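User: I'm new to this one, and I'd like a close look at a single part: the cysteines and how they are linked. Could you walk me through that part and what sits around it?

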Amino acid sequence: VKRRTAANPMALRAASRVLAAPALRPALRRAPVRNMGHGHDPVQAEADMNSWVKISGGAAVACGVILAYVGYVESQHEHHDHDEPRSFKRIRNKPYPWSCNDCSLFDLKCYAECKAKKQ
């Protein structure tokens, strides 16, 4: 039995370049096009862009109106400073490790009262 030998790989590669070159030339000559508008024509893409510009502007105006309304409503009522102590705010499982051991770290009013009582 006589075995056939494979053709020379270098010759196959050269032949594929020669045969594929005419098919690839038109594709290489064309400038690449970015279809960010999903392939619309330029007129339709510009119309879509303008509609989204208007939608975005309307949304910004609506947010501004809502912000102004909420600011107005918030400025119309009093803000109460709750001076009365609340039991749920001063839960102490063990004393704090500083000199005024019943005051929170940033409770400056309590710390000043504690220092005044000690003197």
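Analyst: C103 and C110 are both buried. Keep in mind that this is a predicted model, so everything here is computed from its atoms. A disulfide joins C103 to C110, with the two sulfurs 2.1 Å apart. Turn about that S-S bond and you get -70 degrees, a left-handed link.

That bond has company, since the whole structure holds two disulfides. The other one runs from C100 to C114, S to S 2.3 Å. That still makes it a disulfide, because the cut-off is sulfur atoms within 2.5 Å. The link of C100 and C114 is left-handed too, at -95 degrees about its S-S bond. It ties together distant parts of the chain: C100 lies in the loop between α2 (42-76) and α3 (108-118), while C114 is in helix α3, 14 residues apart.

How do the bonded cysteines pair up if you count them along the chain? The pattern is 1-4, 2-3. In other words, C100 goes with C114, and C103 goes with C110.

Now for how covered these ends are. C100 has a relative accessible area of 1%, and C114 has 17%. Both count as buried, because the cut-off is under 20%. That's worth setting against the chain as a whole, where 3% of the 119 residues count as buried. The chain exposes about 11600 Å², and carbon and sulfur atoms supply 62% of that.

For a contrast, look at C63: this cysteine is exposed, with a relative accessible area of 53%. It lands in that class because exposed means over 50%.

Just before C100 in the numbering you'll meet some aromatic rings. The chain has one aromatic pair. The rings of Y96 and W98 have centres 4.8 Å apart and planes at 10 degrees, so the pair is stacked. Neither ring's residue is hidden away like the cysteines: Y96 is partly exposed at 28% relative accessible area, and W98 is partly exposed as well, at 29%.

To place all this in the overall layout, the chain has three helices and zero strands. Read from the N terminus, the elements go α-α-α. The part you asked about takes in the loop between α2 and α3, where C100 sits, and helix α3, which holds C114.

Note on methods: Residues are numbered from 1 along each chain as its sequence is written. This is a predicted model: local features need pLDDT of at least 70, side-chain atom pairs count only at pLDDT 80 or more; totals for chains, interfaces and linings use all residues. Side-chain values use heavy atoms; hydrogens and water are left out. Helices (H or I, at least four residues) and strands (E, at least two) are DSSP runs, numbered from the N terminus. Buried means under 20% relative accessible area, exposed over 50%, partly exposed in between (1.4 Å probe, protein chains only). Accessible areas come from the Shrake-Rupley method with a 1.4 Å probe; for residues, only the protein chains shown count as cover. Rings of Phe, Tyr and Trp (its six-membered ring) pair if their centres lie within 6.5 Å; planes under 30 degrees apart count as stacked, over 60 as edge-to-face and the rest as tilted.
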